[in-house]
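Biologist: I should be grateful for a close look at a single part of this model, namely one strand together with its partners. Please set out the pairing in order.

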Amino acid sequence: MRAILDHVPAMIGYWDRNLRNCFGNNAYQTWFGIDPKVLPGMHIRDVIGEERYRLNLPFIEAALRGEEQIFERVIPDPDDATRQRHSFAHYIPDVVDGEVLGFYVLVSDVTPIKEIEAAYQASEARYRAVLMDQTELISRFSRDGRFVFVNEVYCRFFGKTESELLGQRWQPVVFAADLPMIESQLAEMSPDKPLVTIENRVYSGTGELRWMQFVNRGFYGPDGQLLEVQSIGRDITDRKNAEGALRRTHEEMEQRVVERTEQLRNLAIEATLSEERERLAIARDLHDELGQLLHVAKIKLDTLAKSLSPEQRESVVELDALLADASRQVRSLTSQLTPHVLRNLGLPAALRWLCGEMQNHYALQLDCQVDDLPAGVELSPAQESILFRGVRELLFNVFKHAGTPCARVSLNYAAGTLSIVVEDKGVGMLAAAADMRFASSGFGLLSIRERLAYLGGSMVMESGAGAGMKVLLRMPLLASANK
């Protein structure tokens, strides 16, 4: 008997009046994931769960009063909560000498029946919508294109009576230019692809050209031959007009974006070049005026020293050293403002010079992997300036924030794009903090990021707490980029 019950797909069990299990077949494993061997003695709440226990409690109490209970319940699959079983439960009281000792449970899976009911209800709803609403153009035509059915809406739209349309072909109402496209798409209909949706233009009964959407479904015989096509159409003229207006607006906006982007790009180039001109002017003033003044002061101090006693010359020597240091500072500042190597030899040479300057003046230990660009590859002055200033700002960031003197600068050119990487193995930081660090560095990096973007380039940061910082500068070297 146990073997028979264990092979029954329905749950069969017995619960005493204290709601402790006395028997359960193998279906409990399938329904609730509980081994029937451990089921005896378990409280029904622990088997079916607290929520279902509260829902089932009225039926349980009624069964313990001796009243047979029948109800339905949805039970999720224990292995996949997205799957639901529709159950039909039957509680049968166990009455002996007028006393209820417990109750039998029989729970059957009625999911297939429920699915059939749902499908039937959905089908009926669709059928009623077609018949009752009657808002769409419905027609059926044979495989030679002749109407065998048209509804009233179809007749009203085309200004024809049913008798005028039946037996006639559908092609005459179609805008002639759309006819080849329609026939081509209908030809793709097959038993494996019976549904074809087509949007085309037609002439209404008033002669107005309207856009229509037709959902065409083919019906086939057992031999695979097309019998009829049912077509359901709706007027989409307003939608098409709106799409056309939206498309024109989109095209206008795209053109404006292109124009605005070009304006911003030109402004970025002009701003960069203006800054370079200002730097050059300041550097010339420093060199031609302040530098010359310091040089003249040093000459006069040397002349004065010759007429002084040895004791007095000691102070003059100190002043001479200060003037020499000031002259070096002026030369260094002049080089930083507008490196001659950048103007005369190009970006790769300027980056190698910059690495040397950062090593000499800031004690950075730099691995400079910068080779010359391939022959024929050139950068505009604006591109060179933005990239050079960007690398310089990044190296100062390493000096001020990284917590390590070691960094690497590399330059690579491939597929029309120049890539420069500045990275260190310092303290690093999270992405949000990296943005804060760059923001706190002042106008420099934020401005460079924007100008890179205007020229089609980008600046990407990669970092993490304790993982160092890596910044990638990319610049496409297009023919239009340096114009």
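Modeller: The account below follows strand S10 and its two pairings, and then turns briefly to a helix. The model is predicted, so local features are given only at pLDDT of at least 70 and side-chain atom pairs only at pLDDT 80 or more, while totals for chains, interfaces and linings use all residues. Residues are numbered from 1 along each chain as its sequence is written, and side-chain values use heavy atoms, with hydrogens and water left out.

Strand S10 covers residues 226-235; helices (H or I, at least four residues) and strands (E, at least two) are DSSP runs, numbered from the N terminus. Two strands are said to pair if DSSP finds at least two bridges between them. With strand S9 (residues 209-220), S10 pairs in the antiparallel sense over 9 bridges. Within this pairing, Asn 216 stands opposite Ser 231. S9 and S10 form a hairpin with 5 residues between them, and Gly 224 in the turn has a positive phi of about 85 degrees.

S10 also pairs with strand S6 (residues 137-142), again in the antiparallel sense, over 6 bridges. Here Leu 137 of S6 faces Gly 233 of S10. In a regular strand the side chains alternate between the two faces of the sheet.

As for the helix, H13 spans residues 381-402. Of its 22 residues, 17 are buried (under 20% relative accessible area, with exposed over 50% and partly exposed in between; 1.4 Å probe, protein chains only), so H13 is largely enclosed by the rest of the structure. Gly 403, with a positive phi near 75 degrees, follows H13.

Methods. The expected span of a helix is 1.5 Å times one less than its number of residues.
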